[in-house]
Every structure is written in C-alpha cells, then in structure tokens.
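Here is a quick tour of how some helices pack in this protein. Take a look at the sequence and fold, then read on.

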Amino acid sequence: MIKQLLGKIPRKSSKSAGNGENGRKNGKNSKAVANTVSKGSNFGVDSYIGYERFNNQPGSDSGQNNGTMISMKHQNGNLGLYSYEVLPGFKDVPNSQKESLFFRKLKLCSIVFDFTDPVKHVKEKEIKRQTLLELVDYVTSANGKFSEAVVQEVVKMVSVNMFRTPSPQPRENKVVDGVDLEEEEPTMDLAWPHLQIVYEVFLRFVASSETDVKLTKKYIDQAFVLKLLDLIDSEDPREREYLKTILHRIYGKFMVHRPFIRKSINNVFYQFVFETEKHNGIAELLEILGSIINGFALPLKEEHKMFLVRALIPLHKPRCLAMYHQPLSYCITQFVEKDCKLADVVIRGLLKYWPVTNSSKEVMFLNELEEVLEATQSQEFQRCMVPLFHQIARCLSSSHFQVVAERALFLWNNDPIENLIRQNQKVILPILFPALERNARNHWNQAVRSLTINVRKIFEDLDPELFNDCLLKFQETEKKEDETKARWEARWRRLEEMGAQKTAGK
C-alpha cells in the first residue's frame, strides 16, 4: 500500500541527474540552483538558501577536489547533500572563464552557516571566508561591465547573507536614556567575520565604475533599499557603519532612488519620535543626511524645508538625544547656512522642545543654539530674540550642579553673537537684567558669579543710561515683591493666630 502511494508522487526530472553527470565530467560542480532570500529567513537554524545542489553519491570523483559534502536542510524542508569545495583562484583560469568562476564563487558564498556553534562546519566556514576575500579583489579590479546575470547573483548573495533575522536583546528590558544606552555594551553579531567581507564585496560592487546603473537598479530596487534601512537598526555598530556608507553610495549613484530614500528616512524618524523612541541607527541616518543636505541646490525646495520642520526639529524631543545630537546639530546648522531665513524657524523649534527638568539636554540645546546663532543674520535674529532671551534668562537662573547658567553665559564669548546682542541691547537687557542681578548677588557657583559680573559690565559700558534705568526698575520690582511677600506673611500669621484661638476655645 505504501509503495503504491509513493509511486503516485511525481519524481524529479531526470534533467537534474543529467546535469550532475555533466558536472562530474567537468570535474567540478553541478548545475546551480539560486533562490532569492526573504527578509524573514531564519538565521542560525540550518535553514540555507542559494547553494549548489550536489547530486553525486559519497565517494564520487568530485570529492577529490578538496570538497566536502554537507548535510543541510533545504528551504522546502527536504534533507540533502550539498557540495562545498575549494574553487580555483581567478589567476589560475583564463580571462574567458573568470566571469563564470566569479558566478560559481558567488553561489558558493550564498550558503549561510550557523555561527552560534563554533565547532560546526569549521572547514567550510574558512573556505567561504577565503572565497569572499577573493570576491573583494575581483570586484575591485574588474575592468569590464558586470553582466546582468552577475549583477543578479551578487544581489542574491548579499541578500542571503545580510537580510537575516538576528536575535537581539529585547528592548523592553533596556533603559531608554541616552547616557545609560551609551554605557551599555552593544550586541556583537557572531557572524561578523563573514558579514564584514560580504558588506565589503557589496560596497565595492556599488562603488565600482563597472556597475551599470540602468541595469543594476532593477535589482537594487526600492524593496532592497527598505531592507537596508531596516538593517541599520542593528545593535552592532560595525554593521551600522557599513550600512551608512553603502546607503550613501546608493543615494549618490542611483538618482532614481533619491526621493524614495529621503522619504523612507523621514518615516523612520516619524516612528522614532512619535511612537517608539527606540532605534539604534538614528545617528548613522543623520550622518547620511548631513552629506545629502550639504549637496542641496539653492534655493531650497519646499520639500526640504518641510523635512526640516517636520522631521529634524522634532528629533530634539526624545530623551535619548545625546546618542545622536552631534549629527543632528550639523544637519540643522547646514540648513541655516544654506538659507539664513530658516534661523527663525529653527530657533523657535528649539524653544518649543526646550527641556524643563533635564539639565544635560539644556546644555546640548545651548551648544546647538550657539552654532545656529553664528549663522543667523540680524533680521532673523530680531524676529525671535524676545522669546529666545526669555529662555536664556531662565537658563541664567538655573541652579543645577551641571551649571546651565555658566554655559548660557559663554554665549557672550562668541563675537558674532555678542555683536547681535549689542545691536539689540535695548530689547535684550531689560529681559536679562533681573537674572543677571540675582546671579551677581546670590548664585552659589563662583564661576557663574564672575561671568555674570563680566556680562553686566559689558551692558553697563555699552549704555550706562539704559543700564541704570533697568537697575531702577529692578529695584522697584524687588521692593514691590518684598511688600507683597510681607502682606502674605502677615495674612498667614493672622490665620495661624485665628486657628490657635479656635483651638484654645474648644
């Protein structure tokens, strides 16, 4: 009965057996079977895609070529024997056969090994590593356009190796704080000895002058770019660095993908700011954007200005700002340098997200503010100086141990900023004067008191009459505050006396 059922199952075509026979005659390998890997492929569980099927039985002639036979599970779940052999070097074959050998080596490198077990397939892993290094040299020294078949196979090979599903540490167990995350040890991928060379092959392939853009864009398409953007959330900083470089090269070479890449990065930022506040690659994406923004043509498109307002400025909101503030500040400053009219928009955006209780973030905001103000023209400065210096006055009044007040007072050490303040002192001094006067009298930090006295002296020398008017107004305000305080204290005393009398009467 079982034999009858098995007899009804369709058998494989005899063509594959024929190919196996031809492979034995050639003394190398059989016909290649290449499959495209999906993003959801399991990594490290013996699920392998994109390899050469070895149809010979153990002990056949092909086993004499330093090859090994590996028992692996195919994508469809069937077990089989697969050849993993040392192929000849490129220098050992004529030029006419080099492309064919390159194709075979790509297929050989499409087998993915389990690196969670260090003693498993040790020989085969070393063969693959050496083969990948040969691919790097071949792509680097190529002197003819890559054919479509080769382009397709390169993309398949890197897809198999790169687009895996690692097992990262659950983010729910992490503290979402910039300082804590920086101090935490990143998770390093055990497969990096191979992955690094795969990334190097792909980077050199994308950068090569022999890679035809019109041909390659069919395979490095929008879906492929999205997978690269997903990968940049990797916890391994080495992988993020390679992805940053590769994405930047793709942006520069494949002009058709530029709007899509910018839009996709926008979406990553939106999800990060307004939903999760969890992403490992924000700094790398901002470094890519820094180069992109630097290349924007003038006048800036409205699309780019909206990107500044809707994506970049809100990135100041998350608590982990410290992890990516430097490249973010660079991007913001690039916009202001390209279009000085954006200074008002940027400064008001900073004021909108100005931290209230996080002094370390306040210091970062003040650092960025100084860079923006250096590129700000007088007209834009006048539009936002009133709310800006109300915030600076609050910073001057800060008593936190990280000395936010000291950082705010350093603004007067910057000549372009001091010139803007001098030109508008009649508006600025009345706003700042109460904070300056209180700091000079009562601030606990000696450095803050010294800096405050120097700034007061600057204003006093610039316009003694204005300075005296501000001093008189401050004294009047202080006197009124003292009177109000005395009235409230008297009322509280009366209430306490009335309460004591009622208690005594009971």
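Helix axes are lines fitted to C-alpha atoms over the stretch in contact, with angles running from 0 to 180 degrees between N-to-C directions. Helices themselves are DSSP runs (H or I, at least four residues), numbered from the N terminus. This is a predicted model, where local features need pLDDT of at least 70, side-chain atom pairs count only at pLDDT 80 or more, and totals for chains, interfaces and linings use all residues. Residues are numbered from 1 along each chain as its sequence is written, and side-chain values use heavy atoms, leaving out hydrogens and water.

Here are the helices to find first:

| Helix | Residues |
|---|---|
| α7 | 192–207 |
| α10 | 237–253 |
| α11 | 258–276 |
| α22 | 464–505 |

Start with α10 and α11: their axes come within 8 Å and cross at roughly 140 degrees. That makes the pair oblique, the class left over once angles under 35 (roughly parallel), over 145 (roughly antiparallel) and 65 to 115 degrees (roughly perpendicular) are taken out. In contact terms (heavy atoms within 4.5 Å), I250, Y251 and G252 of α10 meet R258, I261 and R262 of α11.

Now for α22. Its 42 residues should span 62 Å at 1.5 Å a residue, and the end C-alpha atoms sit 61 Å apart, which agrees; the expected span is 1.5 Å times one less than the number of residues. Buried here (under 20% relative accessible area, 1.4 Å probe, protein chains only) are L466, F467, C470, F474 and A490. Their cover includes α20 (425–442) and α21 (446–462).

Key: Helix = DSSP H or I, 4+ residues; strand = E, 2+ residues; numbered from the N terminus. Buried < 20%, exposed > 50% of the residue type's maximum accessible area, 1.4 Å probe, protein only.
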